[in-house]
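Here's a quick briefing on how the strands line up and where the enclosed space sits. Have the viewer open as you read.

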Amino acid sequence: MGVSILTLISSNLGYPRIGERREWKRALESFWNGNISESSLEETLKDIRLLNLKKQKEKGIDLIPVGDFSLYDHVLDTAFMFGYIPSRFQHMEPTSLKTYFAMARGSDEAEAMEMTKWFNTNYHYIVPELENKTPALVKNRLLELFQEAKNELNIEAKPVLLGPITFLKLAKQYDQHDFHKHLSALIPVYVQLLTELAQAGAKWVQIDEPILVQELDDSSIPLFKEVYDAFHKALPSLNIILQTYFESITHYQEIVSLPVAAIGLDFVHDHGVNLSNIKTFGFPKDKILAAGLIDGRNIWKASLVSKAKEIDDLAQYVDIDRLIIQPSCSLLHVPVTVQNEQSLPSILKNALSFADEKLDEVNELAQYAKGKRTIDDLKQHDRSYTDFIHSSFRTNEKVQEATKNIGAYPTKRLDYTERQKLHKKRWNLPILPTTTIGSFPQTKEIRQIRLKWRKGEYTNKQYESVINNEIKKWIDIQEQLGLDVFVHGEFERTDMVEFFGEKLNGIAVTNNGWVQSYGSRCVRPPIIYGDVAFDQPMTVKESVYAQSLTSKPVKGMLTGPVTILNWSFVRNDIDRISVLRQLALAIREEVLALEKNGIGMIQVDEPALREGLPLKQSKQKEYIEGAAEAFKLATSSVRPETQIHTHMCYSQFEDIMEAIDDLDADVISIESSRSHGELVHAFETYQYKREIGLGVYDIHSPRIPSVEEMAKNIDRALAVLDVRQFWVNPDCGLKTRSVDETISALKVMVEAAKTYREKITAAQI
C-alpha cells in the first residue's frame with residue numbers, strides 16, 4: 001500500500017475553480033455566447049488552472065490536487081470520461097466540448113441531464129444516466145491534468161476522482177438490482193485510469209467516496225472491499241487516499257481495514273464521532289490518516305490553538321509521521337481570498353478565512369506538527385477571531401429576548417380547506433392558473449446601472465426610476481402573455497439571499513466572496529455574523545408599485561429563513577436552530593408589511609429546504625421540525641385570506657413530502673422538469689391536498705420547449721394530481737435567461753395551459 005513511512009505533510013482536497021475575479025465564469029459564458037473560440041476558452045482555463053496550482057505550491061501544500069478543476073461539474077466530468085453519454089446525445093462527437101455542454105445545458109434537440117444538490121451543500125451536480133451502457137475510458141482527462149502540472153510547473157500533483165461506488169449511488173436510469181453489474185463493469189475502467197496515472201509517475205491518488213458518511217446498510221461494505229481489493233491487486237505501490245467528508249463515516253472498522261494507503265476523515269463536521277471511533281477502535285498502524293482539521297465549508301478563522309490540541313490528541317493514537325493535515329473537504333465551497341474584501345468592517349474581515357487563508361492555516365498546523373511552530377505562535381493567529389467573538393456589535397438584546405419567547409408567536413393558521421374557500425372567492429382564478437417563480441432576466445444594462453448606483457454615479461431617485469421602468473415593462477409583458485398571477489421581476493436584486501443579507505441587521509455581504517452554485521452560476525453567500533434583526537421594509541415599495549399597474553394579483557417575493565440560513569456562511573458560536581429562529585422572526589416582519597400594504601399573495605421561497613437535511617437519517621427529525629417551525633413562524637401571522645406560496649428546486653424531495661406538507665403553504669411550486677418528471681411518482685403514494693405547481697420546463701437550459709413537450713409534463717402531473725390543485729409554471733426563476741428566451745418559453749407555457757383548459761372544458765361538456 002505505497003510508502004511505509006512519510007514525513008508529515010500537508011494536503012488540499014480541491015480548490016475553487018472560478019478564479020479570484022470569476023474569470024472562469026466569464027470565459028465559459030463568452031464561449032457559450034459565441035464570442036470566443038474553443039481554443040481561446042481552453043487557453044484561459046489553462047491559465048486559471050496553472051495559477052491555482054502555483055498558488056497552492058507557494059502556500060506550502062505538499063499534495064496539490066488536479067482533477068478538481070472542471071468546465072462545469074466534476075460528476076459530469078466523471079460520466080463524460082467514462083462514456084456515459086445519454087442516448088439523446090449519441091449522435092454527437094463523444095469527446096467534444098459541444099457534447100459535454102449539451103449534456104449539462106441541453107441543446108435544441110435534447111433536454112439537459114438532471115441537476116441536483118451535492119449532498120447537503122448548495123453545489124449542484126449533473127446526475128449521471130447509465131442506460132445500461134458499457135463504460136470505457138474515452139479520454140483520460142486526469143492524466144492530461146497530471147502531466148500539465150508536471151510539465152508546466154514541475155508539480156507532482158495528486159489526481160482526484162470520484163469513487164466508483166459514490167458515482168453509481170448518485171447515478172440514475174438503472175435497476176438497483178443491477179448495481180453490482182454496473183460496478184463490475186466500472187472497476188476495470190478505473191484500474192485502467194489508475195494504471196495510466198501510475199505509469200506517468202503519479203504517486204498519490206485521492207478517490208472520493210463521500211457516500212460513506214451516509215447510513216449505509218451492511219450489504220454495501222463487501223462492495224467497497226471488492227473495489228479497493230481490485231485496485232490494490234492491480235496497483236500495490238500506488239498510494240490511494242480513500243477520502244470522505246461532510247460527516248463521520250459509518251462502518252468505521254471495516255472501512256479503515258480496506259487496502260489503501262490513507263483514509264481521509266472529516267474532523268470538523270463529524271460531531272466528534274470520527275475521533276471517538278479512533279479512540280475506541282484505534283487506527284491501523286500501516287495506514288496514514290488524512291485529517292480534515294480546517295473547515296472547508298465555512299469562512300471563519302480556525303482556532304489554531306484548539307486544532308493543535310486535536311493534533312496532539314490524534315498523535316496518541318496515530319504516529320505523527322503517519323499524519324496528513326488538510327481541510328475537511330474541497331475548498332470549492334468557499335470564496336478564493338479575503339484579500340479582495342475592502343468594504344467589510346476590519347474586525348469582521350480579520351476573523352475570516354477563505355480558500356487561500358485556509359491553506360495558510362493548513363500549513364501552520366503542519367509546521368506545528370513538525371515542531372516548527374509553538375502554541376504561542378498559533379495564539380497570534382487566533383487573536384483576531386477571539387476579539388471578534390467577544391465584540392459587542394454582534395449582539396442584539398431585543399432579538400435574544402424574542403427568541404427566548406418564541407412560543408408567543410403563531411405557528412398555526414386557519415384550517416387549509418377554509419382558507420382555500422376564501423382564496424377562491426378572492427382571486428377567482430381559472431383552472432391550471434399560470435404564473436412564474438419570481439425573477440425575470442437581469443440584463444447587462446440593469447447590472448451596469450446597479451453597479452453605477454452602488455458607486456454613486458446614479459442617485460437613489462434615478463435608480464428607482466430605472467427599476468420602476470423595468471417593472472412596468474414586465475407587467476405589460478405578463479399582460480400580453482396572458483399569465484394569471486404576476487410577479488414584479490426582482491430587478492432590484494442581485495441574488496435572492498444576498499439581497500436580504502444586505503438589508504437585515506447582523507448579516508454582512510462581501511464584494512468578491514463568490515462561490516460556484518451550478519455551471520457558471522456563482523453566488524456570494526452572505527455572512528451571518530451576529531444576531532439577525534429586521535430593520536425596515538425590504539420589498540414593499542417594488543411590490544406595491546407593480547400591483548398598482550395591474551388588476552391581476554402580483555405576488556410579493558421573499559426568501560425564506562431556511563434558505564437564507566443554508567445559503568449563507570453562518571456564525572458558529574451558537575446553534576443553527578437559534579439563528580434560524582432569528583431569521584424567521586425577521587422575515588415575519590416583512591410578510592406582515594407586505595400584507596399591510598395590500599399584497600394578498602406572498603411567496604416565501606425555500607429552495608434550500610432539503611439541502612440542509614443531515615446526511616444521517618437519525619439526525620433528520622430535529623432539522624425537519626426546526627425548518628417547518630421557522631417557515632410557519634415567518635408566515636402564520638397573516639390573515640386567512642392571504643395566500644402563502646413557496647418554491648423549492650433541484651433537490652430530491654420525494655423522501656420529505658410529509659415535511660413539505662407540514663409547512664402548511666397554500667401553494668407550492670417544485671422543480672420537476674429537469675428530473676424529467678420523476679418527482680411526480682411521489683404523489684402516487686403521498687396524497688398532497690394543497691395547491692401545487694410542478695415546473696413544466698427547465699429554465700437552466702437555453703432551449704425553448706414545444707407546446708407538446710410542456711403539455712406532456714402537465715399530463716404527468718395530472719395523472720396523480722387533481723386538476724383543481726395544479727398550477728402551471730417554470731421550474732425556477734428566469735433571472736439567468738435572455739429576454740427573448742423568456743418571452744418565447746412563457747408564450748409556449750401559456751399556450752399549453754390554455755390548450756389543456758379547453759380540453760378539460762370540452763370533456764366536461
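Two strands count as paired if DSSP finds at least two bridges between them. Keep in mind that this is a predicted model. With that pairing rule, an open sheet of eight strands turns up, and a search of the whole structure also finds 11 cavities of 30 Å³ or more.

**The sheet**

- Reading across, the strand order is S1-S10-S9-S8-S7-S6-S5-S2, and the pairing is parallel.
- Strand S1 (9-10) and strand S2 (65-66) sit at the edges with a single partner strand each, so one side of each has no neighbour in the sheet.
- Further in, strand S6 (residues 204-208) and strand S7 (residues 239-243) run parallel and are joined by five bridges.
- If you want a spot to click on, Asp 208 has Gln 243 in S7 as its bridge partner.
- Helix H11 (residues 304-314) lies across strand S9 (288-294) and strand S10 (323-327), and it runs at about 160 degrees to S9.

**The largest cavity**

- The largest cavity holds about 460 Å³ of space.
- It is lined by 32 residues, and the closest to its centre are Met 496, Arg 521, Trp 567, Cys 732 and Gly 733.
- Strand S13 (515-518), strand S14 (521-523) and strand S16 (554-559) are the elements that give two or more residues to this lining.
- S16 gives the most, with three residues.
- By residue class, the lining of the largest cavity splits into 13 nonpolar, 12 polar and seven charged.

Methods. Residues numbered from 1 in each chain as written. Predicted model: local features only at pLDDT ≥ 70, side-chain atom pairs only at ≥ 80, totals over all residues. Heavy atoms only, no water. 1 Å grid on protein atoms, 1.4 Å probe; cavity = no way out; pocket = protein on both sides within 12 Å on 5 of 7 lines; lining within 4 Å. Points joined across faces, edges and corners; volume = space filled by probe spheres on them. Helix = DSSP H or I, 4+ residues; strand = E, 2+ residues; numbered from the N terminus. Nonpolar A, V, L, I, M, F, W, Y, C, P; charged D, E, K, R; others polar. Contact = heavy atoms within 4.5 Å. Axes fitted to C-alpha atoms, helices over the stretch in contact; angles between N-to-C directions.
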